[in-house]
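Reader: I'm new to reading protein structures. Could you walk me through this one?

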Amino acid sequence: MDELEDAKETPEEMASNFTCAMFETPEAVLNGARHMASVEISCEPCVRKHVRSIFMDNAVVSTSPTPNGNTAIDSFHQFAGVKWLREKPLSRFEDAQWLLIQKAEEEKLLQVTIKLPQVVLDKLINDSKDYYLSDGVSKSAQLWNEQRTLILRDGFDKFLLPSMTKEARSLLNSRAKSWLLLDYGKLLWDKVSVAPYQRKETDVGSDEETAPRVMACCWGPGKPATTFVMLDSSGEVLDVLHAGSLSLRGQSVDEQQRKKNDQQRVQKFMMDHQPHVVVLGAANLSCRRLKENIYEIIFKMVEKCPRDVSDEMDNLNIVYGDESLPHLYENSRISVDQLPSQEGITRRAVALGRYLQNPLSMVATLCGPGREILSWKLNPLENFLTPDEKYGMVEQVMVDVTNQVGLDLNLASSHEWLYAPLQFISGLGPRKAAFLQRSLVKAGPIFTRKDLLTSHGLGKKVFVNAVGFFRVRRSGLTSSSSQYIDLLDDTRIHPESYSLAKDLAKDIYCEDGNGDANDADDEDMLEMAIEHVREKPHLLRAVDVRQYAEQKNRLNKKETLNDIRLELIKGFQDRRRPYVGLSEDEEFYTILGETEEAVSEGRVVQATVHKVQPHEATCVLEYGLIGMLRKEDYADDWRDVNSLTDKLHEGDTLTCRIKSIQKNRYLAFLTCRESEMRNIRFQKQQIMDPYYREEWSTSHIAQEKARKVKELAKKKHFKARMIVHPRFQNFTADEAIEFLSDKDPGESVIRPSSRGLSHLTLTLKVYDGVYADKDIVEGGKENKNITSLLRIGKTLKIGEDTFEDLDEVMDRYVDPLVARLKAMLNYRKFRRGSKNEVEELLKKEKSENPKIVVYCFRICYEHPGTFLLTHIQNTNPYEEYVSVYPKGFKFRKQMFKDIDRLVAHFQRHIDDPFRRAHSIGSVAATVPMRSPATGSGRNNRR
C-alpha cells in the first residue's frame, strides 16, 4: 500500500481556496468535502463487503416496549416473548420471531434496535483508521487526521451502519418468512397426508368396497336444523335427514314428543343405510349433547332390534371432525356446482364425511381457481405470507402427496369429486388436467395406461412424466368388466421398467418350480408369474436385490429393481400416516373453537353470571365454556360475604382469571379476588428466549399491573356482548371515546349499552372532542338463557326506523348521517372555534359589510350532533339550532335535504319571530343524539 502524504497546508488554509456562494466559509467547504468523502467510502464495494461480513456476524437485536406496549403486552399477549430482548445475535433468529417483532414495531408497541456491540464497533473503526489515517506527526498531519477521523465517523454513522441495519432487517425478514413458509407447508402436510378412515378388518367384505360408508352430522341451531347426510363408499350422497328437535332439552309434552319423533327418524335412517362410522362436526358445546343423543339412539336400536342391526353397526364408532375445512367447502363455488340442489349445512356435512373417506381429494377440491384453500387457517402467523407465497407451498405439498398416493382413473371417472387431485399429477397442471378429465369422462372406462397416449391426447413427454402416478385397476365402471387389465398398471412401476418387472417375476416364478424358462416370451406365462409373486409376497421379500442385479448385469438398475420388488409386494402401498381421531385436548379446543393459548390457566376472561347460589355462581365464558366461581374466590374478604346472591345477579359480567380447567367436564374454575388477579404465579408458563431479560421491567410491570387491576375492578359489571361485526366493540363510553380520539370526524363504533341487554349504543365522533351517542333498541330476543340475551336481537330500532341487522344500520342510518355531517363540516360558511371566537369573526365581517346579514354555522358543544346557525342582522348575534339526521338537516321544525336549501329558507324568513323562540331547555327534545357521558348536557370539547 502506498504511503499517504500529508499536505503542507492546514485543512482550513486549503479550504479557504475553495469558498464560493454555496460554501461561503472554509468550515462549510470542509463539511462538504467530508460529506463527499464519506459517501465515496460508504459506496466502495470492498468496504461494504468487509463491513457487511462483520455486521452480519456480530450485530445484535434489542427490544423494549413503548409506554403503550408496556400496558398492552401482558404474559398472554402475542408479543410477550419478544417484549424485552437484550442483544440477541442475528444468527440466533431461527424461526418466525422477527415477524412478531416487526409487527409489534409497526403497531408502536415495541422499540427495536439493531447495532454492533460497542467493542466490535470500536475495533472496526480503529482498524479503518489504520488504513485511512496518516502516520505523520506534524501539526498539519494531525489536523488532516482529525478530518479523516470525522470522515470515517460520518461514513459509519450516517451511511454504512444505517445501510447494514436495513440489510439486516431484510435478511431477518427473509429468513423468518422462509421458516414460516416451511412450517405452513408442514402443517398442511399433516392435514393432507392422512390415510382415509379404516374400517375394522372384520367389517371389510371385499376389495371392491374398502372405503367406509359414512354418516356425517352437522349440528344446527334450528334454522338450519341439525343435518345428517349418508355417503356411500365413494362419497356420493345417498340420503339427507334434518332433525331440528333432536337436541331439545325442554320438559314440555310437545318438545318431548318432537324429540322422540326425531330420534325415531334418525334410528330408521341408520337402519336403512347401515353406516360404518358416524362423523360429527365439532362446532360447539352442543355437539357433545348431540353425540350422547346419537349413542342413545344406537343403544336403543341394538337393544330393541338386534336382528336388524348388522355386525358392522354393533360397535359403531362416532368420531369428531374439524369443521374448518367443511365450512370453506360450504361457502365455495365448487360446492354449489357439485351439489346444486343441497343447502349450505348439507354441503358442509358432505365435506365432513368426504374428508374422512379421502382427505387428499377433499383438500384438492378447494385448490381450484377460487383458491379457497388459502382461507384454511393453519398457522397463527400465516398472515405474514402473501397469498401467492402460500399457494406456492400448497402446490408443492399437494404435488408431493398426490404423486405419493396416485390417482385411480376409473374410480374418478365414476365420481367427479375424486378428480380434484388430477391437476397435481406430475407433468400436468390445471389446464392439461381439465382437458384429460373431459376426455376420460367422455370415453368411459380405461383398461391400460397406454390408452392415455393413444386415445386421450397426452403428449409423449407429458405421458412419460405422469403415467407412473396413474392407477388403472378394476374399480368404478370396470369393477364388473371381464376385460384384461395389466396388474403392473396398478403399481408405481413406470411402463419403461415393465420389462424389468416381468423378468423379475418370471425368474422368481420359475425358481419356485413353475413354468419353463424357455417360455419367457409367453404373455400368459408372464401374467401368471406376476399374479404368482403378488399372491406370495414372501418370495419377493426373500430376493437379494444386489445379488440378482449382479447376476443379470444390471447393477446400474439396482435401486429401480428394489422399487419394483416393493411395488410387486404391494402396489401403491399407502405411506400416509393412518387416521387417528382427535385427542382429548384437540377435541376440547376444537369444540370451543379456540386455541390453547386463548383457553389456558391464568388467562383473564369475561364471564357472564348464569345462576347464583349462596356459595357458588355458575358463569358462561365468551366461548361457551362453563365457569364455576366459588364464594372463597369472589373476593379477598369473602368471609365477610354472607351469600353470593347479595353480590351477584344473573346477567352480571365479571372480569375473572381462570384458576384451573377440567377438560373432560368442559369446566373452568374462576377467581376474581384482587390478590389473585395480581398474582404472578398465573404468568403464562412458556419457553422464554434465552436473550429475554424481564428484570429490566419488573418495577414498571408491577405498577402497570396494579393500575390494570383497579381498572378491572371498575369494569366488573360491564356486560360484554356476543356480537361479531367489524363496527362492534365491547367498549365502555370512555373506551369508545379513547378509541375514536385519533380518528376523523364521522368515524363511529357500536358498543354495549348501559341501559341493559336489549339496547346497543352507537357512538359517533362529531368533531374533535365532541362525541354523540344514539340508542339502538333490540327486538325479537329469545330469553332462553343468558347466552341468547347476549346475542344481538332479530330487529334493531333507532327512533321510528327499524333495521334487520347492523349492516343495514350502517347502510341506511350511519352512512347517510355521516355524509350529512361531513357536508356541514366542509360547508363554506362553517366556522371553527368557540362561541366567542365565532361571534368576533361575524362582528368583524359585519363591520366590513354593514348592509348585509352575516351568518355562519358552528359546532354545538352542549348538544353533540347539533349545529348552531349564528347570524347578525343589526348589531347583536343570534343563534338557532340545526339538527343533523340521515334524511337531512332539521331547522325550525322543517327538514331540508341539503344546506343550501336550508340557508335559502333562512334568508327568506329571517324576520320571522321563530328564530328567537329556541332556548337551551326547549331544544333538548329536538337534538338527534346525546353525549356519551351523561346522555346530554356534558361539554366534551377539548
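Reader: Is serine 38 buried or exposed?
Author: Happy to help, and note that this is a predicted model. The cut-off for buried is under 20% relative accessible area. Serine 38 has a relative accessibility of 0%, so it counts as buried.

Reader: Which helix holds serine 38?
Author: Let's look at its surroundings too. Leaving aside neighbours within four places in sequence, serine 38 is in contact with Ile151, Asp154, Gly155 and Phe159. Serine 38 itself has its place in residues 26-43, which form helix α2.

Reader: Which helix gives the most to the largest nonpolar core?
Author: That core has 80 residues, and the members touching the most others are Phe55, Trp98, Ile114, Ile373, Val394 and Met398. With 11 residues, the top contributor to this core is the helix spanning residues 139-192, helix α7.

Reader: How many residues are in the second, separate core?
Author: Good thing to ask next! Among the members of this other core are Ala243, Cys619, Leu625 and Leu648. Its size is 52 residues.

Reader: Which residues does phenylalanine 55 touch?
Author: Here we set aside residues up to four places away in sequence. The partners of phenylalanine 55 are then Leu90, Ile114, Leu116, Leu161, Met164, Thr165 and Ala168.

Reader: Is cysteine 46 exposed or buried?
Author: Exposed means over 50% relative accessible area. Cysteine 20, at 39%, therefore counts as partly exposed. Cysteine 46 has a relative accessible area of 53%, so it is exposed.

Reader: How many disulfides are there?
Author: A disulfide is a covalent bond between the sulfur atoms of two cysteines. To count here, a pair of cysteine sulfur atoms must lie within 2.5 Å. By this rule, the number of disulfides is zero.

How values were computed. Residues numbered from 1 in each chain as written. Predicted model: local features only at pLDDT ≥ 70, side-chain atom pairs only at ≥ 80, totals over all residues. Heavy atoms only, no water. Helix = DSSP H or I, 4+ residues; strand = E, 2+ residues; numbered from the N terminus. Buried < 20%, exposed > 50% of the residue type's maximum accessible area, 1.4 Å probe, protein only. Contact = heavy atoms within 4.5 Å. Core = buried A, V, L, I, M, F, W, Y, C linked by side-chain atoms within 4.5 Å.
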